[in-house]
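Please open the structure in your viewer and keep the selection panel at hand. The stops below say what to select next and what is there.

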Amino acid sequence: MAGAVRTIRGRSDDLSRGTNQSGVRLYNERLVLSLVRRHGSLPKADIARMTGLSPQTISIIANQLEHDGLLRREAVVRGRVGQPSVPYSLNPEGAYSVGLKIGRRSVDLSLINFTGQVQRFLHQTYAYPTPAGIREFTQAGLAELQSGLPAETLRRVTGLGIASPYEMWTWPEEIGAPREDIDVWRETDIRADLAQICPWPVYFYNDITAACAAELMFGRGAEYVDYLYVFIGSFIGGGLVFNGHLFPGRTNNAGALGSMPAGLGQGGKAPQLMNVASIYVLERELIRQGRRAEVLWQSPDDWGDDLGPALDNWIVQVADYLAHAILSSVAVIDVETVVIDGAFPASVRSRIIEATRAALLMVNQQGLSAFSLVEGTLGTSARALGGAAIPLLANFTQDREVLFKDNPFSARR
């Protein structure tokens, strides 16, 4: 399979357009694509006004992006003052991307188009992740995803983005795996490993930061200039967006809420937020009660109606600890919005938001600026979409220089 398909690079119709264009031209093209993505559709006159570039320059750029298949013209808008305008929008078929989400209890592989619609999706659960198992799933999955796709679609696939927790070997107890099995991750470079079997460039990013990127690109994140992103999965984590751009931090680990202290501790180390506000905490409580916890991972969008007090108590606990973590974060970064999402049903997300709002009222907020608490929109799919968003960020947005200072691995042909 590997090497059977190649994306076109180093030519005038290169989809990423970086090999033979000046930095200014490339920046302007990414700026136009980013604005159109944020607003849904824009006529050339509005793009020129927003960018400060001349109408002639915008016309040249828009025409080229349309020729490349990245933009498409919408119906003419009439009835306004002045000449009729022609809005441009992203062409859903202009580019595609593959995302691999490696989780504590499951792995997902998805193919999305330029506007984030999932074209194909594969899911597998397991007791815990192993590098060999992930490689086997990915190799079979890539073959299945490519099967039957038109050659033009395959040509427009920009890469494989891996969304995975960092340093998985540091949490054997939380993951529930034998130490000798989870220690294999310490010596594994999963990006380099999967690059051997993938026909496209391979990228790697922290799973929750990737989920934050997905909310920014495909969810409601574009509505806010700055926000703290909270995702409650097997482990709780977070991400940051400043001035409309993903902010990864010095080591690509900004917004690592799961590692924040949660209380003072008693006679030992204080627990971290991940130890008290993650889904694995609910899983362990269900197991302690002698109940089956598989529904949390096998049916993440529908946990049923019989989790009872275990779920109720967990939501209260999450909200109490999360309220303190949010206020600690806001005191430092002064964001206007906090977006909360997670790998659970939408009804559970709403209950957590409501409980967190109530918990915030019980904490002293003197000296802090007001902020809003809102629901995310992507839910369980956020991390898989985030993995797939990484190659699109690398090739078509202004975040490239922030996120991807080194080159991704490319498959050996």
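Begin by selecting tryptophan 314, which, leaving aside its neighbours within four places in sequence, is in contact (heavy atoms within 4.5 Å) with Ile232, Ser278, Ile279, Val281, Leu282, Trp303, Phe344, Val348 and Ile352. Before going further, note that this is a predicted model, in which local features need pLDDT of at least 70 and side-chain atom pairs count only at pLDDT 80 or more, while totals for chains, interfaces and linings use all residues. Residues are numbered from 1 along each chain as its sequence is written, and side-chain values use heavy atoms, with hydrogens and water left out.

Keep tryptophan 314 selected and add Trp303 and Phe344, since ring pairs link Trp303, Trp314 and Phe344 into a cluster. Rings of Phe, Tyr and Trp (its six-membered ring) pair if their centres lie within 6.5 Å; planes under 30 degrees apart count as stacked, over 60 as edge-to-face and the rest as tilted.

Now widen the selection to the largest nonpolar core, which has 124 residues, of which Leu100, Ile232, Trp303 and Trp314 touch the most other members. A nonpolar core is a set of buried Ala, Val, Leu, Ile, Met, Phe, Trp, Tyr and Cys residues joined through side-chain atoms within 4.5 Å, where buried means under 20% relative accessible area, exposed over 50% and partly exposed in between (1.4 Å probe, protein chains only). Helix H12 (residues 308–333) gives the most to this core, with twelve residues; helices (H or I, at least four residues) and strands (E, at least two) are DSSP runs, numbered from the N terminus. Apart from this core lies another, of six residues, among them Ala163, Tyr203, Tyr205 and Ala394.

For the next stop, stay with aromatic rings, of which the count comes to eight pairs. Select tyrosine 229 and phenylalanine 231, whose rings are stacked, at 6.5 Å centre to centre and with 20° between the planes; both residues are buried. Then select phenylalanine 235 and tyrosine 280, whose ring centres are 5.7 Å apart and whose planes stand at 90°, so the pair is edge-to-face. This pair links distant parts of the chain, with phenylalanine 235 in the loop between strand S9 (227–232) and strand S10 (236–242), and tyrosine 280 in helix H10 (residues 279–288), 45 residues apart.

Which backbone nitrogen does the side chain of aspartate 341 reach? Select aspartate 341 in strand S12 (residues 337–342), and look for the backbone nitrogen of glycine 379, which the side chain of aspartate 341 reaches at 2.8 Å. Aspartate 341 is buried, with a relative accessible area of 0%, and, leaving aside its neighbours within four places in sequence, its contacts include Tyr229, Phe231 and Arg349.

Move on to the open sheet that three strands form in the order S1-S3-S2, with antiparallel pairing; two strands pair if DSSP finds at least two bridges between them. Strand S1 (42–43) and strand S2 (71–73) stand at the edges, each with a single partner strand, so one side of each is left without a neighbour in the sheet.

Finish with aspartate 334, in the loop between H12 and S12, which has a positive phi of about 55° although it is not a glycine, and which counts as partly exposed at 48% relative accessibility.

Conventions:
Polar contact = N/O pair within 3.5 Å; in protein donor to acceptor, adjacent residues only side chain to side chain.
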